[in-house]
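Visitor: I'm new here, and I'd like a walk through what is on show. Could you take it step by step?

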Amino acid sequence: MNTKDVIRNYWDYRSESYNNGVIDQSEEERNSWKNMLSESMGGKRGLKVLDVGTGPGFLALMCAEMGNEVTAIDLSDNMLKKAKENALIRGVSIDFRQGDAENLELPDDYFDVVMNKYLLWTLPDPVKALMEWRRVLKGGGMIIAIDGNWHDTGLVSRMIRATSDLIRIITEDKYPYIFRKQYDPLKKSLPLFSLKPEKVIHYFNEAGFDTVSIEKMDKLCSSARKKGKILDKLDFSNPIYLIKATK
Ligand SMILES: C[S@@+](CC[C@H](N)C(=O)[O-])C[C@H]1O[C@@H](n2cnc3c(N)ncnc32)[C@H](O)[C@@H]1O
C-alpha cells in the first residue's frame, strides 16, 4: 500500500469515532471559531471557500453557515459521508468532493479562500499541496491553515500524550493503537508530522507565498481547555497555530 492509501484507510476507519466538535460543540464555542474566521476573512461574506481535508466538516459547515459558497474535499469517503450527514443536520448546502489536497481537480484562480484544519501534519508533500492551493486561489486570495504540533517530541508533551491516550483507550476506543500502527511507519515521510512554525513558513515561502503570518490561537485554546473535560485540557495544552498567506 502506498502512503496515501494508508492515510485514506486510517481516516476511513477513524471516521466512526471522529467528530471533533462538529455537532457536539456549544454555540458559544462555534461563535468563537466563526468570529476568528470572519476576522481572518476581513468580515466579508459570499466568498468562494475551499476546505481541504474537511473530515466531518468542521470549517466547511461554519463557513456555509456564515453565508459563503463552500466546496469541501477529503481523501476519505467515510469522512465525507459523515460530513454530508452533519451538513444535513445543520441545514447547509456544501459541494463535497472526494479528492487529494496535493492534486486538486479544481480550476485555476477560482477561490477567494482556501482553508484547512489539522491537515498540514499529515501531508507527504506540503510544498506540492501549497502550490496546488495557490493555483486554485484568485489573485489576492488567502490561505487560512490551522494546525498544531500534535507529535511534539519534548518530554512534557510526550507525557501529556501518554495520559490522554490512556484515557481514550479506557473511555472511548482503541484508536491510539491503530494510529501508531498506521502512522509510525509513515512519520518520517511526513515533513510536518512534528510541526514547527519556522518550518511551516519555509514551506509556504517555497510554494511561492511572500506574505505569510503565523500566530498562536491562545484565546480559542484556553476556552477549549476551560470546557472542563480532562481530554480537552490535555488536547489543547500544546499551542495551535493560525497561518495566513496571501497570493
Ligand atoms: C485530523 S483530520 C481533520 C479533519 C477536519 N479538518 C477537522 O478539523 O476536524 C484530517 C483529515 O484530512 C484528511 N486528509 C488527509 N490527507 C489528505 C489529503 N492528501 N487530501 C485530502 N484530505 C486528506 C483525512 O481524511 C481527515 O479527514
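Visitor: Which residue meets Lys4 in a salt bridge?
Guide: Let's start with the term: a salt bridge is a side-chain nitrogen of Lys or Arg within 4 Å of a carboxyl oxygen of Asp or Glu. Side chains of opposite charge can pair when their charged atoms come close. Here the N to O distance is 2.9 Å, and the partner of Lys4 is Asp100.

Visitor: How many residues apart are the two, Lys4 and Asp100?
Guide: Lys4 sits in helix 1, while Asp100 is in the loop between strand 3 (95–98) and strand 4 (111–117). Helices (H or I, at least four residues) and strands (E, at least two) are DSSP runs, numbered from the N terminus. The pair links distant parts of the chain, 96 residues apart.

Visitor: What kind of model is this, by the way?
Guide: Residues are numbered from 1 along each chain as its sequence is written, and side-chain values use heavy atoms, with hydrogens and water left out. Local features need pLDDT of at least 70, side-chain atom pairs count only at pLDDT 80 or more, and totals for chains, interfaces and linings use all residues, as this model is predicted.

Visitor: Which residue has a polar side-chain atom 2.9 Å from a nitrogen atom of the ligand?
Guide: A polar contact is a pair of N or O atoms within 3.5 Å. Gly53 uses a backbone N or O atom, 2.8 Å from a ligand nitrogen, and the side chain of Tyr18 has an N or O atom 3.3 Å from a ligand oxygen. The side-chain contact at 2.9 Å to a nitrogen belongs to Asp100.

Visitor: How much of the ligand does the protein bury?
Guide: Accessible areas come from the Shrake-Rupley method with a 1.4 Å probe. Taken alone, the ligand exposes 590 Å². Of that, the protein buries 99%.

Visitor: How many residues surround the ligand?
Guide: A residue counts if one of its heavy atoms lies within 4 Å. Helix 1 (residues 3–14) gives the largest share of the shell, 3 residues. Gly53, Asp74, Asp100, Ala101 and Lys117 are the closest, and the number surrounding the ligand is 22.

Methods. Polar contact = N/O pair within 3.5 Å; in protein donor to acceptor, adjacent residues only side chain to side chain.
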